[in-house]
Amino acid sequence: MEARTFWLLVMVLPLVSSSSTGQYVSLSPNQCMVPAKDRMDCAYPDVTPEQCTNRGCCFDSSISGVPWCFKPLQEAECTF
């Protein structure tokens with residue numbers, strides 16, 4: 001019985017982990033409002049918008065000569 005459970009886990013875990021490779025969606029809209037001069041590159045050349053956002057980065061190809069896939073602004077943390 002224990003061997004059966006082990007093999008079931010071995011077969012199910014890869015399915016669960018592969019289904020969690022969806023689009024990264026936890027960025028707020030304000031986090032991608034980075035001025036062009038302040039953009040820090042977040043990927044490799046020719047990255048697609050989907051690949052960029054899956055990395056947790058922002059994508060904006062409207063301005064040439066600056067990174068299109070760039071690191072988002074960090075949310076301000078409260079300090080009490």
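**Close-up views of a predicted model**

The accessible surface of the protein chain comes to about 6,600 Å², and 62% of that belongs to carbon and sulfur atoms. Keep in mind that this is a predicted model.

**Figure 1. The whole chain, with two helices and two strands.** Going along the sequence, the elements come in the order α-α-β-β. The chain has 80 residues, and 18% of them count as buried. Take the contacts between residues at least 6 apart in sequence: 59% of these join residues at least 24 apart. Three disulfides turn up in a search of the whole structure. Number the bonded cysteines along the chain and the pairing reads 1-5, 2-4, 3-6. The next three views take these links one by one.

**Figure 2. The disulfide of Cys32 and Cys58.** Here the two sulfur atoms sit 2.0 Å apart. The link is left-handed, with -80 degrees about the S-S bond. It connects distant parts of the chain: Cys32 belongs to the loop between H1 and H2, while Cys58 is in strand E1, 26 residues apart. How do the two ends compare in accessibility, buried or partly exposed? Cys32 is partly exposed, with a relative accessible area of 31%, whereas Cys58 is buried, with just 1%.

**Figure 3. The disulfide of Cys42 and Cys57.** The S to S distance in this link is 1.7 Å. Cys42 comes from the loop between H1 and H2 and Cys57 from the loop between H2 and E1, so the bond ties together parts that are 15 residues apart in sequence. Both ends are out of the way of the probe: Cys42 counts as buried at 13% relative accessible area, and Cys57 counts as buried at 3%.

**Figure 4. The disulfide of Cys52 and Cys69.** In this link the sulfur atoms are 2.1 Å apart. With 100 degrees about the S-S bond, the link is right-handed. Helix H2 supplies Cys52 and strand E2 supplies Cys69, so to speak: the pair links distant parts of the chain, 17 residues apart. Cys52 and Cys69 are both buried.

**Figure 5. Two salt bridges.** Side chains of opposite charge can pair when their charged atoms come close. Which residues do so here? One pair is Asp38 with Lys37, where the closest N and O atoms are 3.4 Å apart. Asp38 is partly exposed at 39% relative accessible area, and Lys37 is exposed at 72%. The other pair is Arg39 with Asp60, at 2.8 Å from N to O. Arg39 lies in the loop between H1 and H2, and Asp60 in the loop between strand E1 (58-59) and strand E2 (69-70), so this bridge ties together parts that are 21 residues apart in sequence. Arg39 counts as buried, with 9% relative accessibility, and Asp60 counts as partly exposed, with 26%.

**Figure 6. The aromatic pair.** The structure holds one such pair. Why is it called edge-to-face? The rings of Phe59 and Trp68 have their centres 6.4 Å apart and their planes at 80 degrees, and planes over 60 degrees apart count as edge-to-face. Both partners see some of the surface: Phe59 is partly exposed at 27% relative accessibility, and Trp68 is partly exposed at 40%.

**Figure 7. Ala36 and what it touches.** Ala36 is in the loop between H1 and H2. Leaving out residues up to four places away in sequence, Ala36 touches Ile63 and Val66. The C-alpha atoms of Ala36 and Pro67 are separated by 8.0 Å, although these residues are 31 apart along the chain. Ala36 counts as partly exposed, at 25% relative accessibility.

**Figure 8. Asp46 and its positive phi.** Most residues other than glycine have a negative phi. Asp46 is not a glycine, yet its phi is positive, at about 65 degrees. Where is this residue? Asp46 sits in the loop between helix H1 (2-18) and helix H2 (49-54). Buried or exposed? Asp46 counts as exposed, because its relative accessibility is 76% and the cut-off for exposed is over 50%.

Note on methods
Residues are numbered from 1 along each chain as its sequence is written. This is a predicted model: local features need pLDDT of at least 70, side-chain atom pairs count only at pLDDT 80 or more; totals for chains, interfaces and linings use all residues. Side-chain values use heavy atoms; hydrogens and water are left out. Helices (H or I, at least four residues) and strands (E, at least two) are DSSP runs, numbered from the N terminus. Buried means under 20% relative accessible area, exposed over 50%, partly exposed in between (1.4 Å probe, protein chains only). Contact means heavy atoms within 4.5 Å. Accessible areas come from the Shrake-Rupley method with a 1.4 Å probe; for residues, only the protein chains shown count as cover. Rings of Phe, Tyr and Trp (its six-membered ring) pair if their centres lie within 6.5 Å; planes under 30 degrees apart count as stacked, over 60 as edge-to-face and the rest as tilted. A salt bridge is a side-chain nitrogen of Lys or Arg within 4 Å of a carboxyl oxygen of Asp or Glu. A disulfide is a pair of cysteine sulfur atoms within 2.5 Å.
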